[in-house]
Amino acid sequence: MTKLFRYNYFLVKKMLKHNPNRGIAQNSKRYNTFSARKLLSETVRPNNSGMPMKTLVVYYTRTGNSKFAAETISAELGADIEEIVDLKNRQGKLEFLRGGRDAGRAKETLIAQTKRTPADYDLIIVAQPIWNRSPTPAIRTYLTKNDFSGKKLALFFSDSFLGLDQAIEKTKTLMSNSVFLSEFAMSVKSFKNKEEAKKKIVEWCDTLKKA
Ligand SMILES: Cc1cc2nc3c(=O)[nH]c(=O)nc-3n(C[C@H](O)[C@H](O)[C@H](O)COP(=O)(O)O)c2cc1C
């Protein structure tokens, strides 16, 4: 039994012991052991080594759609979340054009210091808009800077129906040696109705839980 599992196991057993609703039949070591195991298996999704599956959602956004998606995914999967901040100004018409040009030319950019370490996670979910049929410079920079070997990977794109396949392929090549699970894309229009948008994202999360 791994250290973390043993610790969780201890906590759950302690919780059960202090449950005032516990019946006499339940007041036995065997029952508590069984209940602790059951509760753990219901609350923690294990990875291959029996440890809980740790998930990180990484996102870049310019107008908020990918942020909404990332926050929904994080809440649904109980995942940590990290925003990738592009230190270049990307607002305004000229910067819009420059952003598209930089993305199409596979340019990197300056990004703010990140807080999380991908090495600590089993599954990495990357959420971003498509820019010029490509990943954004901020996400490109982040993915180039980090090693994702052996990590499970899922991709979310907010888009306008143009160049999804290219954006997926280009992003995947930045995470070589990762294990690709699935991708999901939603158009700008889909984000107008937040309730509907949330529903679709949660449905995708359900497929990730089973992966
Ligand atoms: C510079 C730039 C380039 C874009 N290029 C594409 C594109 O090639 N294909 C596409 O479908 N949408 C494209 N879009 C639209 C965005 O992907 C879409 O508006 C997205 O929902 C924005 O997400 P955000 O709110 O997270 O920034 C582009 C937007 C910008 C700003």
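Helices and strands here are DSSP runs, numbered from the N terminus. By that count, Asn132 sits in the loop between strand 3 and helix 5. The model is a predicted one.

**Overall layout**

The protein has seven helices and five strands. Along the sequence, they follow the pattern α-α-β-α-β-α-β-α-β-α-β-α. Of the 211 residues, 27% are buried. Contacts reach far along the chain: among those between residues at least 6 apart in sequence, 78% join residues at least 24 apart.

**The nonpolar core**

The largest nonpolar core has 35 residues. Val57, Val58, Ile73, Ile84, Ile124, Ile125 and Ala127 have the most contacts inside it. At least two residues of this core come from each of strand 1 (55–59), helix 3, strand 3 (123–129), helix 5, strand 4 and helix 7.

Ile84 shows how distant parts meet. Beyond its neighbours within four places in sequence, Ile84 is in contact with Val58, Tyr59, Tyr60, Ile111, Thr114, Ala138, Ile139 and Tyr142.

**Helices 4 and 5**

Helix 4 (93–104) has 12 residues, which at 1.5 Å a residue should span 16 Å. Its end C-alpha atoms are 17 Å apart, in agreement with that value. Gly99, Asp102 and Ala103 are the buried residues named in helix 4. Seen down the helix axis, the buried residues fall within an arc of 95°, so they line one face. They pack against helix 5 (137–145). On the other side of helix 4, Lys93, Leu94 and Leu97 are exposed.

Helix 5 is largely enclosed by the rest of the structure, because seven of its nine residues are buried. Those buried are Pro137, Ala138, Ile139, Arg140, Thr141, Tyr142 and Leu143. Their cover includes strand 1, helix 4 and strand 3. Ala138, Ile139 and Tyr142 are also among the contacts of Ile84.

**The ligand shell**

There are 21 residues around the ligand, and Thr63, Asn65, Ser66, Pro129 and Ser158 come nearest. Helix 3 (65–77), helix 4 and strand 4 (152–159) each give two or more residues to this shell. Helix 4 supplies the largest share, three residues. By type, the shell divides into seven nonpolar, 11 polar and three charged residues.

Asn65 also has a distant partner in sequence. Its C-alpha atom is separated by 9.4 Å from that of Lys192, 127 residues away along the chain.

**Three loop residues**

Lys192, Ala106 and Asn132 all lie in loops. The table gives their places and C-beta neighbours.

| Residue | Loop | Other C-beta atoms within 10 Å | Exposure |
|---|---|---|---|
| Lys192 | between strand 5 (179–187) and helix 7 (194–210) | 9 within 10 Å | exposed |
| Ala106 | between helix 4 and strand 3 | 13 within 10 Å | partly exposed |
| Asn132 | between strand 3 and helix 5 | 18 within 10 Å | partly exposed |

The cut-offs explain the last column. A residue is exposed if 12 or fewer other C-beta atoms lie within 10 Å, and buried if 20 or more do. Lys192 has 9 such neighbours, so it counts as exposed. Asn132, with 18, counts as partly exposed.

Two of these residues have backbone angles worth a look. Ala106, which follows helix 4, has a positive phi near 60° and is not a glycine. Asn132 is not a glycine either, and its phi is positive at about 50°.

Terms used. Residues numbered from 1 in each chain as written. Predicted model: local features only at pLDDT ≥ 70, side-chain atom pairs only at ≥ 80, totals over all residues. Near = placed C-beta within 6 Å. Helix = DSSP H or I, 4+ residues; strand = E, 2+ residues; numbered from the N terminus. Nonpolar A, V, L, I, M, F, W, Y, C, P; charged D, E, K, R; others polar. Expected span 1.5 Å × (residues − 1). Arc of directions from axis to C-beta. Contact = placed C-beta atoms within 7 Å. Core = buried A, V, L, I, M, F, W, Y, C linked by C-beta atoms within 7 Å.
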